[in-house]
Amino acid sequence: MVGMLRRASLCVDGAGVVAVLMGRQDVATCAGVLSVVLRTVAEWREGAARR
C-alpha cells in the first residue's frame, strides 16, 4: 500500500510538471498539494506498519 501511494505521488508530480509546461498554474498547484497529501499518508501508513 505504501509503495502504491509513493508511486501515485510521483505520477502526480509528473502531471504537475506537464501542467507547468503547458502554463496551467492552477492545475500544477492542485497536483502539488495532492502529491504532498499522498506522501504524508504513505509516511503515516509506513509508521503504523513499523509499530
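Colleague: What covers the buried residues of helix 1?

Modeller: The cover includes helix 2, residues 25-50. Keep in mind that this is a predicted model.

Colleague: Which residues of helix 1 are buried?

Modeller: They are L5, S9, V12, G16 and A19. These residues cover an arc of only 75° around the axis, so they sit on the same side of helix 1.

Colleague: Why would residues spread along a helix point the same way?

Modeller: An α-helix has 3.6 residues a turn, so residues three or four places apart point the same way.

Colleague: And which residues are exposed on the other side of helix 1?

Modeller: There you find M4, R7, L10, C11 and L21.

Colleague: What span should helix 1 have?

Modeller: Helix 1 runs over residues 2-21, which is 20 residues. At 1.5 Å a residue, the expected span is 28 Å. The end C-alpha atoms are 29 Å apart, which agrees.

Colleague: What happens just after helix 1?

Modeller: G23 takes a positive phi there, of about 85°.

Colleague: Now S35. Buried or exposed?

Modeller: S35 is buried, because its relative accessible area is 1% and the cut-off is under 20%. S35 lies in helix 2.

Colleague: What is S35 in contact with, leaving aside its neighbours within four places in sequence?

Modeller: S9, V12 and D13. S9 and V12 are among the buried residues of helix 1.

Colleague: What about L34, also in helix 2?

Modeller: L34 is partly exposed, at 42% relative accessible area. Together with V33 and V37, L34 forms a nonpolar patch on the surface. The three have about 250 Å² of accessible area together.

Conventions. Residues are numbered from 1 along each chain as its sequence is written. This is a predicted model: local features need pLDDT of at least 70, side-chain atom pairs count only at pLDDT 80 or more; totals for chains, interfaces and linings use all residues. Side-chain values use heavy atoms; hydrogens and water are left out. Helices (H or I, at least four residues) and strands (E, at least two) are DSSP runs, numbered from the N terminus. The expected span of a helix is 1.5 Å times one less than its number of residues. Buried means under 20% relative accessible area, exposed over 50%, partly exposed in between (1.4 Å probe, protein chains only). The arc is that of the directions from the helix axis to the C-beta atoms. Contact means heavy atoms within 4.5 Å. Patches are made of residues with over 30% relative accessible area and no salt bridge: like charges are joined within 9 Å, nonpolar side chains (Val, Leu, Ile, Met, Phe, Trp, Tyr) within 5 Å. Accessible areas come from the Shrake-Rupley method with a 1.4 Å probe; for residues, only the protein chains shown count as cover. A salt bridge is a side-chain nitrogen of Lys or Arg within 4 Å of a carboxyl oxygen of Asp or Glu.
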